[in-house]
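Please open the model in your viewer, and keep the sequence beside it so that selections can be made by residue number. The tour goes from one selection to the next and says at each stop what is found there.

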Amino acid sequence: FHPAEEINSYRLPAYHLIDIKNYLFDYNGLPTIYLETSRGCNHNCAFCSNVPLKNRWVPMSAEYSVNNIEFLYNRYNIKSFHLIDLDFFFDLERVRRFCRLLLEKGLKVSWHNQGVRVAEMFDMDDEFVQLLKESGFREFEAIGTESGSQRIVDLMGKQYKIEKAVSLNRKFARHKIPMRYNFMI
């Protein structure tokens with residue numbers, strides 16, 4: 001098995017073995033559950049534990065991920081999901097498929113994520129952002145900005161220019177998508 005084939009061959013988690021209510025938290029007034037749709041990260045940020053551990057990015061397919069959401073939606077009436085991937089947006093085609101599947105299945109969910117790199121956000125055009133919104137996306141939480149100093153950003157291996165990052169605020173503000181940034185101190 002290739003790691004991606006293996007991870008997509010797993011059954012959905014055995015949610016029936018836990019009291020799911022103990023794993024929900026309030027997010028903007030909605031009972032929300034954490035969900036992972038990929039593991040690891042393919043980047044080499046100087047501060048990250050994934051680099052020495054060689055914890056490469058392994059995605060669950062869009063189909064597998066949406067089936068998991070659909071199960072939780074139908075079985076437990078959960079309609080809000082916090083994706084805890086280290087880099088959910090590494091493969092934008094996978095994200096497009098994920099969004100389209102949510103729409104095709106008629107899943108009226110709210111979802112947001114905690115892992116996105118600034119460099120990946122530059123590749124999100126208005127059509128892509130509109131698809132995110134239509135599928136229920138609400139917020140970028142934990143954008144990997146890390147510093148306001150270009151020298152520090154370069155030392156960390158983040159691969160983006162700070163002056164260009166400011167334009168991201170304008171782009172996502174047009175779509176009314178909130179953005180939260182991570183800074184290392």
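Two strands are taken to pair if DSSP finds at least two bridges between them. With that criterion in mind, select residues 80-83 and residues 110-113 of this predicted model, which are strands β5 and β6, and follow how the two pair in the parallel sense over 4 bridges.

**The β5-β6 pair**

Within this selection, S80 stands opposite S110 in β6, and F81 stands opposite W111 in the strand β6. To see how the chain gets from one strand to the other, add residues 92-104, since the path from β5 to β6 goes through helix α4, and this β-α-β crossover is right-handed.

Now show the side chains of β6 and look along the strand: S110 and H112 point one way, W111 and N113 point the other way, and all of them are buried.

**A stop at S110**

Which residues are in contact with S110 once its neighbours within four places in sequence are left aside? Select L30, K79, S80, F81, G136 and R138, which make up that set. S110, whose place is in strand β6, has a relative accessible area of 10% and is buried; the cut-off for that term is under 20% relative accessible area.

**Out to the whole sheet**

Widen the view to the open sheet, in which 6 strands follow the order β1-β2-β5-β6-β7-β8 with mixed pairing. Colour β1 (24-27) and β8 (179-183) to mark the edges, where each strand has a single partner, so that one side of each is left without a neighbour in the sheet. Turning the sheet on its side brings out its twist, as neighbouring strands are turned against each other by 25° on average, direction ignored. With the sheet still in view, add helix α3 (residues 62-76), which packs on the sheet and touches β2 (30-35) and β5, its direction making about 145° with that of β2.

**From the β1 edge inwards**

Start at β1, which runs antiparallel to β2 and is joined to it by 4 bridges. Here L24 has I33 as its bridge partner in β2. Select N28 next: the hairpin of β1 and β2 has 2 residues between the strands, and in this hairpin N28 takes a positive phi near 50°.

Moving on across the sheet, β2 and β5 pair in the parallel sense over 4 bridges. I33 serves again as a marker, because its bridge partner in β5 is F81.

**From β6 to the β8 edge**

Return to β6 and add residues 137-146, which form strand β7; the two pair in the parallel sense over 3 bridges. Two bridge partners can be picked out in β7, namely F137 for W111 and F140 for N113. Is strand β7 buried or exposed along its length? Of its 10 residues, 9 are buried, so β7 is largely enclosed by the rest of the structure.

On its way to the edge, the sheet continues with β7 and β8, which pair in the parallel sense over 3 bridges. Select E146 and F183 to see one such place, where E146 stands opposite F183 in β8.

**A stop at Q150**

Leave the sheet for helix α7 (residues 150-156), in which Q150 is found. Not counting residues up to four places away in sequence, Q150 touches Y160, K161, I162 and E163. A distance label between the C-alpha atoms of Q150 and Y160, which are 10 residues apart along the chain, should read 8.6 Å.

**The whole protein**

Finally, clear the selection and show the complete chain, with its 8 helices and 8 strands. The radius of gyration is 17 Å, close to the 16 Å that the globule rule gives for 185 residues, so the protein is as compact as a globular protein of that length. Along the principal axes, the C-alpha atoms fill a box of roughly 50 × 40 × 30 Å.

Colouring by burial would mark 46% of the 185 residues as buried, while a surface display would show an accessible surface of about 10100 Å², 53% of which belongs to carbon and sulfur atoms. A contact map is a fitting last view: among contacts between residues at least 6 apart in sequence, 76% join residues at least 24 apart.

How values were computed: Residues are numbered from 1 along each chain as its sequence is written. This is a predicted model: local features need pLDDT of at least 70, side-chain atom pairs count only at pLDDT 80 or more; totals for chains, interfaces and linings use all residues. Side-chain values use heavy atoms; hydrogens and water are left out. Axes are lines fitted to C-alpha atoms, for helices over the stretch in contact, and angles run from 0 to 180 degrees between N-to-C directions. Contact means heavy atoms within 4.5 Å. Buried means under 20% relative accessible area, exposed over 50%, partly exposed in between (1.4 Å probe, protein chains only). A crossover is right-handed if, with the strands pointing away from the viewer, the path from the first strand over the helix to the second runs clockwise. The radius of gyration is taken over C-alpha atoms; the globule rule is 2.2 Å times the number of residues to the power 0.38. Accessible areas come from the Shrake-Rupley method with a 1.4 Å probe; for residues, only the protein chains shown count as cover.
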